[in-house]
Structure formats: C-alpha cells, structure tokens
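Work through the exercises below with the sequence and the 3D view at hand. Try each task before reading its solution.

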Amino acid sequence: MSITRPAAVAGMFYPDNPGTLKRTVADLLAGARGGEGARAPKALIVPHAGYIYSGAVAASAYVRLGEQRARFRRVVLLGPTHRVYVRGLALPDAERFATPLGAIQLDRAGMQRLSALPQVSVSAAAHQMEHSLEVQLPFLQQALDDFQLLPLAVGDATPEEVAEVLETVWGGDETLIVISSDLSHFLPDAVARKVDGATVEAILALNPHLDHEQACGATPVNGLLLAARRHGLQPVVLDVCNSSDTAGDPERVVGYAAFAFQDAAAAAQPEAEDEKGPVLLKLARSGIAAALGQSAAFDARHVWLQAPGASFVTLTRQGELRGCIGTLEAHRPLGEDVRENAVAAAFRDPRFAPLSLAEFDAIRVEVSLLSPAEPLGAASEREALASLRPHVDGVVFEFGHYRSTFLPQVWEQLPDPVEFLAQLKRKAGLSMNFWDTDVRLSRYTVSKWKESVA
C-alpha cells in the first residue's frame, strides 16, 4: 500500500492555500539577491522557521538553484527532530511527501542503501509532525524541476555518523544536500547577533564542533562540515538575520542564516578589485566598533575573505596618523587579518593612546592588501637604492632580529629613495647610516582603499 506523508504545518509555518503559497514563495525568490550567474552549490544550510520570519533568508539560498534547476534530480534533506527522540537518523515510512503544491516522490533506492547503516532507522513518528524538513519542500518544488527527495530526521548522533550517511548518498552533480537549521534561540537581540556571528565564523571555518545553543540543527550541520572538508567544499554565507529583523520580539529572538557550499577551487575566484575595497573598509570599521561595544553588523558572505591574506590597516584623524598595524605574510584568512589589524591599530599601536569612543566617528580607515614580498637581492646599498620604485614599492628591511617596513604610501612623505631607506633603518632601531652585507631587503605592492571624507 502506497503511503504519503501529508503536510503537517501548512497554515502555520507557511500558507496552506496552493495559490497563496506559490505566490509567497515566488515573491521571496524574486526578492532574493545573488541568483543570477551564481555557481551551482553542492549543499545548502537554510533556516526552518515560519516564512514570515526566515523565508527571505531561506530564499537567498534557494534562488541559487534557479539557473541550474534541471541539474538536480535528487535532494538529500536533513533536519533536527523537535518532537520525537531519535537515536541516530530516521528515515520515514512513506513513499511520498505532500505539500499544498503537490506530492514529491521519495528516493526509495537511496533510503534502502542508508537502512543498512547502524545509525539509521525508520520512524514514521519522527517525521509525522516535523517542520524542519517540511518547510523546505515548497521552496524546492518551485526552485527545481522533477526531483526525488531523501529526507532524514536527525536526532542523537555524532558528526561522524551524519557524515557517513552523507557520504553514502553523496552522488554527483545530480544530488543536492540541504541541511535545515536555525541559529541561537530566545536571546536578546544584541547578544544573539554576537553569538550568531561566532557561529557563522565557525561554519565558514568548517569547524564541526557547534553545539545546540549555537544552532538547533548543530548535529546535521557538523556532519556536513566534516563531509565538506573531505570533499573540498567552501562555504559562502548568503544572509544572516534574526526574528527581530522581521516580526519578532527583540528581547527573545531566533537567529537565521543561509549558506551555500561550493567546490573550493571554483569558489575562490576573487571579486573585481574595485569591489573588494568597500567590503574590507566596512570589515575594518565594524571590528573597531565591536571592540568599542557598538553595534557592528557585517555582511561576511564573500568567499575570498576566507583565503589567506596579508593586510595593513591605517587610521588617520584630521589628516594625521592615528594608528597603523599590519601583517607582512599571509598566515590567516584575509577577513580575520583585516579585522584583527584594525583592532590593533585602534588600541595597540604603542605610539598612540587607545582609540576612544568619542574619536570613532572622526577617524578615517585605510586598508592595504599586500602582495607576496619578493627579495631585492641587492649586493650593496647603492644597488638597493637603484632597485627601489618610488610610490610603487613597499619595502621590508631585515638585519638579524631588526625588522621594519614602510608601505608604498610612505613615499608621499619620503619621496627621496635615500631618505626613505634611511628612515626605514631608523624605524628598525638602527642608525640611518647603517649598512651590512647581511642586510636583506624585499619589496611588495599593495592594493589600497580609504574611506572618503564624510
């Protein structure tokens, strides 16, 4: 006898009228950004609250399927159990899942393969009223063409057990993996933004150690993060908000975020240089604002921020230097490097007192992104001076434990190469006349962006 799992939360989490539901989802997808020209993801993380709260965030992920809709013929959907205890992961005892938009055929062959795993069971009860899976279905029905569904309700399981399930049904380009999870629950708005920000960073770092205070779907999310590491997938954050941004009480909010997981090699293609500047400047200022206890919302969805990078952050006030700290070698994600250098420039530059809140609006932020340094290989100071390119080169001076650098911007104050090099030696703690055959010089170039005067 054929079994259909009927819609259980239509009319509560989303409209139960087919025409209204279709228009609602279509409007949410139409209002989402980033679908046109987007690379097809292998996996998504999406929220599962009522559409009035998190529908727009979910749409930011599903809109990425539109141009690739014919590619996906199977969706592996995992969500946490909210009503029934499950040890491991539970398959449904059904052949179809229904919504007001129609029935979706289940992938019985895939379910059969999974049933051989010890952590997988069959539980009609676990699926009967579970909304974390159901609310995704109308989006999938409108974002994709014909597809089969493989739904799993995730209970008490380890990340490794979830990852093993995903590996078993990973498939190829025809298979999309969707993880359903909200973020923090019932915290005040300001606290939730800080907690959710840390959770977003953990997901972007593929850190499979989230707990259920950070995300109600932490278990399936952790499993996906393990699998993503093994398959070389890179997450991109698409949208982050909480229920107070839409229709909720700001004293008790629920956090929502959407992520797409893509092949790391393809995802690492950088944005145009002129598009990086506003992102890096906002990131630097938001880091300083957060350190001053101010609201510091930042859109961190850019994949290139996760690639290693070296940066300097310079602060000025009324045209005068107010702090400058940076990194010469790329040893951490660029986004982290810019944020940490901004905070250090504001509060830990030994030449200046820590930045005060009263000064915050008066400073201008400049971010310099450094190229890898190349040695000059000069045998003498004369050769070194002849090799320097004024207004182009940033220069690193090294001798023993002495080290210093000047960004290319310093040429504006020291246009003469002799004076430039002399002051560089002085900055390192040596005499301006010093030279030794063991001196090492290297140079780099920068892409730089500075905030405009308000």
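**Exercises on salt bridges**

**Exercise 1.** In this predicted model, E201 forms a salt bridge with R339. Find where the two residues lie and how exposed they are.

Solution. The closest N and O atoms of E201 and R339 are 3.6 Å apart. E201 sits in helix α8 and R339 in helix α12 (residues 334-347), so the bridge links distant parts of the chain, 138 residues apart. Partly exposed means between 20% and 50% relative accessible area. E201 has 43% and R339 has 23%, and because both values fall in that range, both residues are partly exposed.

**Exercise 2.** Which parts of the chain does the salt bridge between R193 and D245 link?

Solution. Start with the contact: the side chains of R193 and D245 meet at 2.7 Å, N to O. Next, place the residues: R193 is in helix α8 (residues 189-204), while D245 is in the loop between β11 (233-242) and β12 (253-263). The two are 52 residues apart. R193 has a relative accessible area of 35% and D245 one of 41%, so each is partly exposed.

**Exercise 3.** Are D393 and R443 buried or exposed?

Solution. The side chains of D393 and R443 form a salt bridge of 3.4 Å, N to O. D393 lies in the loop between α14 (381-387) and β17 (394-399), and R443 in strand β19 (residues 440-444), so the bridge ties together parts 50 residues apart in sequence. Buried means under 20% relative accessible area. D393 is at 0% and R443 at 16%, so both count as buried.

**Exercise 4.** How many salt bridges does the model have, and which residues are linked in a network?

Solution. The count comes to 20 salt bridges. E329, E398, R403 and R440 are linked in a network of them.

Technical notes:
Residues numbered from 1 in each chain as written. Predicted model: local features only at pLDDT ≥ 70, side-chain atom pairs only at ≥ 80, totals over all residues. Heavy atoms only, no water. Salt bridge = Lys/Arg side-chain N within 4 Å of Asp/Glu carboxyl O. Helix = DSSP H or I, 4+ residues; strand = E, 2+ residues; numbered from the N terminus. Buried < 20%, exposed > 50% of the residue type's maximum accessible area, 1.4 Å probe, protein only.
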